[in-house]
Amino acid sequence: MIQNIRYFFEKNGYFVATRLAEKLGMRLSHVRMFFIYISFLTAGLWFGVYLTLAFVLKLKDKIYTKRTSVFDL
């Protein structure tokens, strides 16, 4: 059963890259590598945005602290 599922996804998934490579006149391995690189880039990009926002929020908390009264200075 798992082999059938794997075969189905390999057959249909690689067909997209094959057809795109034929349409653009490129080598198939280059198209597949492009898909791999772009998937790592997009995943890494959003992780970088997450870390940047976490840093900005931590910096904001360090600079701006809410005081309950004037005598807390």
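**Nonpolar patch**

I looked up which helix gives the nonpolar patch its largest share, and found that α2 does, with four residues. I note here that the model is predicted. Both α1 (2–24) and α2 (28–63) supply at least two residues each to the patch. I listed the members as L20, L24, M26, F34, F35, I38 and L41. Together these residues have about 660 Å² of accessible area on the surface.

I picked F35 from the patch for a closer look. F35 sits in helix α2. Its relative accessibility is 37%, so I entered F35 as partly exposed.

**Overall form**

I then counted the secondary structure and got two helices and zero strands for the protein. The radius of gyration is 24 Å, whereas the globule rule gives 11 Å for 73 residues, so I recorded the protein as more spread out than a compact globule. Along the principal axes, I found that the C-alpha atoms fill a box of roughly 75 × 35 × 15 Å.

How much of the protein is buried? I found that buried residues make up 4% of the 73 residues. For the accessible surface of the protein I noted about 7300 Å². Carbon and sulfur atoms account for 70% of that surface.

**Charges and the salt bridge**

I checked the charges next: the protein has 11 positive and 4 negative ones. The mean positions of the two sets lie 5 Å apart.

How many salt bridges does the structure hold? I found one. The partners are K60 and D61, and their closest N and O atoms are 3.4 Å apart. That distance falls within the 4 Å cut-off for a salt bridge. I looked up the exposure of both partners. K60 has a relative accessible area of 42% and is partly exposed. D61, with a relative accessible area of 45%, is also partly exposed.

**Two spacings along the chain**

I took E22 as a point in helix α1. At 63% relative accessibility, E22 counts as exposed, since the cut-off for exposed is over 50%. I followed the chain from E22 to T42, a separation of 20 residues in sequence. The C-alpha atoms of E22 and T42 are 25 Å apart in space.

For a second pair I chose L51, which belongs to helix α2. The relative accessibility of L51 is 44%, and I put this residue down as partly exposed. How far apart are the C-alpha atoms of L51 and R19? I read 38 Å for this pair, with the two residues 32 apart along the chain.

**Closing entry**

I went back to the two helices and to the patch residues they supply, at least two from each. I set this beside the radius of gyration of 24 Å, which is well over the 11 Å of the globule rule.

Methods: Residues are numbered from 1 along each chain as its sequence is written. This is a predicted model: local features need pLDDT of at least 70, side-chain atom pairs count only at pLDDT 80 or more; totals for chains, interfaces and linings use all residues. Side-chain values use heavy atoms; hydrogens and water are left out. The radius of gyration is taken over C-alpha atoms; the globule rule is 2.2 Å times the number of residues to the power 0.38. Buried means under 20% relative accessible area, exposed over 50%, partly exposed in between (1.4 Å probe, protein chains only). Accessible areas come from the Shrake-Rupley method with a 1.4 Å probe; for residues, only the protein chains shown count as cover. Lys and Arg count as positive and Asp and Glu as negative; His and the chain ends are not counted. The place of a charge is taken as NZ of Lys, CZ of Arg, CG of Asp or CD of Glu. Patches are made of residues with over 30% relative accessible area and no salt bridge: like charges are joined within 9 Å, nonpolar side chains (Val, Leu, Ile, Met, Phe, Trp, Tyr) within 5 Å. A salt bridge is a side-chain nitrogen of Lys or Arg within 4 Å of a carboxyl oxygen of Asp or Glu.
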